[in-house]
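Biologist: Before we go through this one, please put the sequence and the structure on screen. I will ask about single residues and about the whole chain.

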Amino acid sequence: MASSWFPQWRKKTASAQGIVAPDETLPLGQTMVMGLQHAVAMFGATVLMPLLMGLDPNLSILMSGIGTLLFFVITGGRVPSYLGSSAAFVGVVIAVTGFNGQGLNPHLNVALGGIIACGLVYTMIGLVVMKAGTRWIEKLMPPAVTGAVVMAIGLNLAPIAVHGVSGSVFDSWIAVMTVVCIGLVAVFTRGMVQRLLILIGLIAACAIYALLTNGLGLGKPVDLNLISQAAWFGLPTATSPIFDSHAMFMMAPVAVILVAENLGHIKAVAGMTGRTLDPYMGRAFVGDGLATMLSGGFGGSGVTTYAENIGVMAVTKVYSTLAFVAAAAIAILLGFSPKFGALIHTIPGPVIGGASIVVFGLIAVAGARIWVQNNVDLGQNSNLIMVAVTLVLGAGDFALKIGSFTMGGIGTATFGAIILNAILTHRRATALAGSKIRQDS
């Protein structure tokens, strides 16, 4: 562990050979450009997730910027990461509030109490990690478990996405068109445009939707009056949380997903920079947990580290943590612009629905990607049974009543995966040990 809280950033030019390390910095102008690039990279998902949950995207963008600055301070400026809206909250927020996918969530305050509860659990895990290290987490939640839980979340959201675009034939076809637009961007573009596939795909789909509706009169036209009437600068509307025990117990298990996600992201950055970040893992969990609590306290989404930003670092070889300070400042400026919020709210519902189909599918596939990257052996019966049960619990939204409390599908899938893995792997280890003893004798 370093003797000082913050590093002494050494100046380096972008033309220099090798990488720009976390404790190095580019000139101010280049740092701001890198910050803008990171802000754009996180923009698509950080805006889309609040829309899917019925949150104010302006406030969520603002809180993501503030949360990133808080994360920067708590980690001592040593972990390069941006905290954006987490997709892991979408399913449980919708389940807790009964949100129908259109406009602002009328029961948002109930969900906010759950987000704060999740952030508190996350922070407590971080404090334990600061004392005991991360090995117990890796044992409790190996890649087989985290992959299954992430995939279960994506499958749990699938019916919500499909139902949201089934209101009319026109809406369904617009959703299909949106999926195609995002797919074409993903396959036929390169570089930064490809990394912004959700955002670019949404823009293309909105343009086609406007042509079909405003131009040809085939559906509900896009209303641009909100944009012209909105001010350039103003305060977003905050919402106070309500602490409902049911919502809190439903959403607290999401902390398990955030821990696994953050753990994987930080290890990936450590591998790319050639520097171990394990001494700062606990701080990172605490920073993310406190940022989630802060965001939920004002009406924003729970936050997490972003793979999109890790991708930008991998391409540019610039890992300077000061670039994320610049990205946070840009996000905060956007959060204070009602005109930006009005622009987001003009995105047609069927287009959002089509994008949600892609996003929820990508969440499910991310679980499988964890298995592939970590060489998880699904030929082992212990892994196979745990994964099979977890996926059905999540996809079928299996609810389990415990007294007056009902645990939804994501909760039962999460705890089911952890408990089943602990039982079955212990049994397998015992059997292997017994077999070895018999062979030796």
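**Questions on the predicted model**

Biologist: What relative accessible area does Pro221 have?

Modeller: Buried means under 20% relative accessible area and exposed means over 50%, with partly exposed in between (1.4 Å probe, protein chains only). Pro221 is partly exposed because its value is 48%.

Biologist: Which pLDDT do side-chain atom pairs need to count?

Modeller: Residues are numbered from 1 along each chain as its sequence is written, and side-chain values use heavy atoms, without hydrogens and water. The model is predicted, so totals for chains, interfaces and linings use all residues, local features need pLDDT of at least 70, and side-chain atom pairs need pLDDT 80 or more.

Biologist: Which residues does Pro221 contact, its neighbours within four places in sequence aside?

Modeller: Pro221 sits in the loop between α9 (197-215) and α10 (225-229); helices (H or I, at least four residues) and strands (E, at least two) are DSSP runs, numbered from the N terminus. Its C-alpha is 8.3 Å from that of Tyr209, 12 residues away in sequence. With contact taken as heavy atoms within 4.5 Å, the partners of Pro221 are Thr213 and Asn214.

Biologist: How much of the chain counts as buried?

Modeller: The chain holds 19 helices and six strands. It exposes about 19500 Å² (Shrake-Rupley method, 1.4 Å probe; for residues, only the protein chains shown count as cover), and carbon and sulfur supply 69% of that area. Of contacts between residues at least 6 apart in sequence, 80% join residues at least 24 apart. The buried share of the 441 residues is 51%.

Biologist: Which two residues touch the most other members of the largest nonpolar core?

Modeller: In soluble globular proteins, nonpolar side chains tend to be buried together. A nonpolar core here is a set of buried Ala, Val, Leu, Ile, Met, Phe, Trp, Tyr and Cys residues joined through side-chain atoms within 4.5 Å. The largest such core has 101 residues, and the two that touch the most other members are Phe89 and Phe285.

Biologist: How many residues make up the core that lies apart from the largest one?

Modeller: Val20, Leu26, Met34 and Val318 are among the members of this other core. Its size is five residues.

Biologist: Which residues does Phe285 contact, its neighbours within four places in sequence aside?

Modeller: Phe285 is one of the two residues that touch the most other members of the largest core. Its contacts are Tyr122, Ile125, Gly126, Val129, Ile137, Val259, Asn262 and Leu263.

Biologist: What is the relative accessibility of Ala255?

Modeller: Ala255 lies in helix α12 (residues 254-273), a helix that is mostly covered, with 14 of its 20 residues buried. Sequence neighbours within four places aside, Ala255 contacts Cys118, Val121 and Tyr122. Its C-alpha is 8.4 Å from that of Gly289, 34 residues away in sequence. Ala255 counts as buried because its relative accessibility is 1%.

Biologist: How far apart are the end C-alpha atoms of α12?

Modeller: The expected span of a helix is 1.5 Å times one less than its number of residues. For the 20 residues of α12 that gives 28 Å, which agrees with the separation in the model, 29 Å.

Biologist: Which residue with a positive phi follows α17?

Modeller: α17 has 25 residues and reaches 35 Å between its end C-alpha atoms, close to the expected 36 Å. The residue in question is not a glycine, although its phi is about 55°. It lies in the loop between α17 (349-373) and α18 (381-395) and counts as exposed because its relative accessibility is 68%. The residue is Asn375.

Biologist: Where is Ile94 found?

Modeller: Ile94 is buried, because its relative accessible area is 10%. It contacts Leu52, Phe99 and Ile160, neighbours within four places in sequence aside. The C-alpha atoms of Ile94 and Leu157, 63 residues apart along the chain, are separated by 9.1 Å. The location of Ile94 is helix α3 (residues 90-97).

Biologist: How far apart in space are the C-alpha atoms of Leu127 and Gly282?

Modeller: Leu127 is in helix α4 (residues 108-132) and is partly exposed because its relative accessibility is 46%. Leu127 and Gly282 are 155 residues apart in sequence, and the C-alpha to C-alpha distance is 6.2 Å.
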